[in-house]
Every structure is written in structure tokens, then in C-alpha cells.
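Trainee: I should like to work through this structure with you, one question at a time. May we begin once it is shown?

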Amino acid sequence: MSKHKVVISRNDLENIRKLTDEAFKKIGSENYKQKLVYNLLNIVRSGDQEKFLWNILRALNSRKDDKNAKKLSSEINRLYTSKISGENFEKLAYTIIMGIMSSKPKSGGD
């Protein structure tokens with residue numbers, strides 16, 4: 001298997017951010033999201049890509065019938081199977097984290 005450096009494009013990041021926002025609108029309470037973000041930030045700091053992926057997929061699996069969760073899982077799969085570098089992992093991870101932080105439930109108040 002050849003090793004090649006994969007570059008994540010700005011369009012990839014924008015798409016991931018949008019999909020994350022949409023997928024996490026229906027996943028968990030605000031407290032759950034805050035705890036997830038805190039855990040994900042610590043995982044990124046440690047550089048553990050597998051643990052990060054496991055945590056994201058576990059959260060998305062709770063909404064496996066949601067089309068946005070499926071699209072996000074598919075995009076993450078496409079990028080992770082490309083053997084991303086440490087720098088690109090951080091870009092992808094922070095994009096996902098920002099998407100989770102900015103997601104607001106579709107129904108309800110402010």
C-alpha cells in the first residue's frame with residue numbers, strides 16, 4: 001500500500017462543518033454536546049485519531065436513520081480511509097467540534 005499525503009480541501013471542511021451542524025441538531029441535549037465537545041478536545045490534544053473517530057461514530061450511531069448523520073458518516077469515512085496526516089486530522093477534528101458546538105435544535109426556543 002503506497003503512502004501518500006492527503007490534503008483536505010476547504011470545500012471538504014465546509015461540507016463536514018455543515019453536515020455536522022445538521023446531524024447534531026437532533027443528537028443529545030446541550031449538556032450532552034458540551035460533554036462530548038470537552039472529551040473530543042482532549043482527544044484531539046492527545047492526537048488519538050482512532051479514539052476521536054470512535055466517539056464521533058458512537059454519537060452518530062444514535063441517529064443512524066437520520067440522512068444527515070449518514071452523510072456525515074460517509075464523508076468522515078471517505079477522509080479517514082485516505083490516511084490523513086496529523087495536521088489534516090486536527091483540521092477535520094476542529095471542524096467537527098465547531099459543527100457540534102454551533103448546532104441548535106430545530107424545534108424549541110432560543
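**Helix H5 and the nonpolar core**

Mentor: Let us start with helix H5 in this predicted model. H5 has 17 residues, so at 1.5 Å a residue it should span 24 Å, and its end C-alpha atoms agree with this, being 24 Å apart.

Trainee: Which helices help to cover the buried residues of H5?

Mentor: The buried residues of H5 include Asn88, Phe89, Leu92 and Ala93. Further along H5, Ile96, Ile97, Gly99 and Ile100 are buried too. The cover over the buried residues of H5 includes H1, H2, H3 and H4.

Trainee: Is Thr95 buried or exposed?

Mentor: Thr95 lies in helix H5. Leaving out residues up to four places away in sequence, Thr95 touches Leu13, Ile16 and Arg17. A residue counts as buried under 20% relative accessible area. Thr95 has 8% relative accessibility and therefore counts as buried.

Trainee: Which helix gives the most to the largest nonpolar core?

Mentor: The largest nonpolar core has 28 residues. Helices H1, H2, H3, H4 and H5 each supply at least two residues of this core. With 6 residues, the helix that gives the most is H5.

Trainee: With which residues is Phe52 in contact, leaving aside its neighbours within four places in sequence?

Mentor: Phe52 is among the residues with the most contacts inside the largest nonpolar core, together with Phe24 and Leu60. In soluble globular proteins, nonpolar side chains tend to be buried together. Beyond those sequence neighbours within four places, the contacts of Phe52 are Leu40, Ile43, Val44, Tyr80, Phe89, Ala93, Ile96 and Ile97.

Notes: Residues numbered from 1 in each chain as written. Predicted model: local features only at pLDDT ≥ 70, side-chain atom pairs only at ≥ 80, totals over all residues. Heavy atoms only, no water. Core = buried A, V, L, I, M, F, W, Y, C linked by side-chain atoms within 4.5 Å. Buried < 20%, exposed > 50% of the residue type's maximum accessible area, 1.4 Å probe, protein only. Helix = DSSP H or I, 4+ residues; strand = E, 2+ residues; numbered from the N terminus. Contact = heavy atoms within 4.5 Å. Expected span 1.5 Å × (residues − 1).
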